[in-house]
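Let's work through some exercises together, one step at a time. Keep the structure open beside you and try each task before you read its solution.

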Amino acid sequence: RPPMPLPSPTQGSPFPQRKPPSVESFQFGPWTISTTKSHIVTSQDSDSLSSELELPHLPDMLFSKNLVELRHEKGATMQFLPMEALKLVNAHEDLVHVAASADWLAARQDSPHLNKIRHPYDWTFTTEYKGTLTDFTCEPTERKINYEKLKIQEKILFFDEVVLFEDELDDNGCTKLSVKLRVMPSGFFVLLRFYLRVDATLIRVYDTRIYHEVENDHVLREYSEREEAVEKLTVAREVWTDHNEIVNHLPVKKTVLEKLIF
């Protein structure tokens, strides 16, 4: 019988070694586009981050070191940062009441998250975050993103998807903030999406779409808020969890169009 392998130094350790962050970088003309994917925050980190944000509870899956960055050689920089997104969460009011809130409360009398009720805050982590800008001039515009051009088949030079945070709301639904980006020869497209489903209550999607065409000295940014009560939805339940499809069935509540000049 072969000898048993020796345990690694980290097996059974309360502080296992963590993989270094995965960093991807792509040079696109004057733009350096990079993504960083790191580990979920530890409970020790969570306590200090929570007090920094005034939130009594953080998303169960918070990737505080994850990052998407687009940096122009002239200095203009666009970043997507989970902690900056959480700073825009309402830390003082609970604005979504679940359909079965009395039963929900009763079932969680012993829950460590009961301070969600003692300290009201937006436990859905809804955020109007559109990204963090440095050295851009921001102007309102009437010009919309040319989605027909985006549908044209082009070679994908670079693609990535980065999750900033996610939470299953105590099995009461799902909330998620993520970034997708793709680079084509004609330009780049970024989608920052906040998706929220509160079971038997509502579905909400806040999208920030960013599009740059290489011949332009600016980036277009389209921000939209969509929401509908579940009882008013007429599509099949499997569509509710399809983040790409459900947006086509939610009424638009707000749209902001901006030109970001670099």
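**Exercise 1. Decide how well two cysteines are covered, and find how many disulfides there are.**

Step 1. Cys174 has a relative accessibility of 11%, so Cys174 counts as buried. Buried means under 20% relative accessible area, exposed means over 50%, and partly exposed lies in between (1.4 Å probe, protein chains only).

Step 2. Cys138, at 36%, counts as partly exposed.

Step 3. A disulfide is a pair of cysteine sulfur atoms within 2.5 Å. Searching the whole structure gives 0 disulfides.

Before going on, a word on the model: it is predicted, so local features need pLDDT of at least 70 and side-chain atom pairs count only at pLDDT 80 or more, while totals for chains, interfaces and linings use all residues. Residues are numbered from 1 along each chain as its sequence is written, and side-chain values use heavy atoms, with hydrogens and water left out.

**Exercise 2. Place strand β5 in its sheet.**

Step 1. Start with the sheet: it is open, has 5 strands in the order β1-β2-β4-β5-β6, and pairs in the antiparallel sense. Strands (E, at least two residues) and helices (H or I, at least four) are DSSP runs numbered from the N terminus, and two strands pair if DSSP finds at least two bridges between them.

Step 2. Look at the edges. β1 (22-28) and β6 each have a single partner strand, so one side of each is left without a neighbour in the sheet.

Step 3. Follow β5 (residues 77-80) to its partners. With β4 (residues 67-72) there are 4 antiparallel bridges, and with β6 (residues 132-134) there are 3 bridges, also antiparallel. Met78 stands opposite Leu70 on one strand and opposite Leu133 in β6, while Gln79 faces Thr132 in β6.

Step 4. Check the link between β4 and β5: they form a hairpin with 4 residues between them, and Gly75 in the turn has a positive phi of about 115 degrees.

Step 5. Which residues lie on each side of β5, and are they buried or exposed? In a regular strand, side chains alternate between the two faces of the sheet. Here Thr77 and Gln79 are on one side, Met78 and Phe80 on the other, and all are buried.

**Exercise 3. Explore the nonpolar cores.**

Step 1. A nonpolar core is a set of buried Ala, Val, Leu, Ile, Met, Phe, Trp, Tyr and Cys residues joined through side-chain atoms within 4.5 Å. The largest one has 47 residues, and Ile33, Leu70 and Phe80 are among those with the most contacts inside it. Strand β10 (residues 187-198) gives the most to this core, with 6 residues.

Step 2. Apart from this core lies another, of 12 residues, including Tyr195 and Ile246.

Step 3. Zoom in on Ile246, found in helix α7 (residues 243-246). At 0% relative accessibility, Ile246 counts as buried. Beyond four places in sequence, Ile246 has contacts (heavy atoms within 4.5 Å) that include Tyr195, Leu233 and Trp240. Ile246 and Tyr195 are 51 residues apart in sequence and 9.9 Å apart in space, C-alpha to C-alpha.

**Exercise 4. Describe the surroundings of Arg221.**

Step 1. Arg221 sits in strand β12 (residues 218-229).

Step 2. Its relative accessibility is 7%, so Arg221 counts as buried.

Step 3. The Arg221 side chain reaches the backbone oxygen of Lys130 at 3.4 Å. Leaving out residues up to four places away in sequence, Arg221 also touches Leu133 and Cys138, among others.

How values were computed
Polar contact = N/O pair within 3.5 Å; in protein donor to acceptor, adjacent residues only side chain to side chain.
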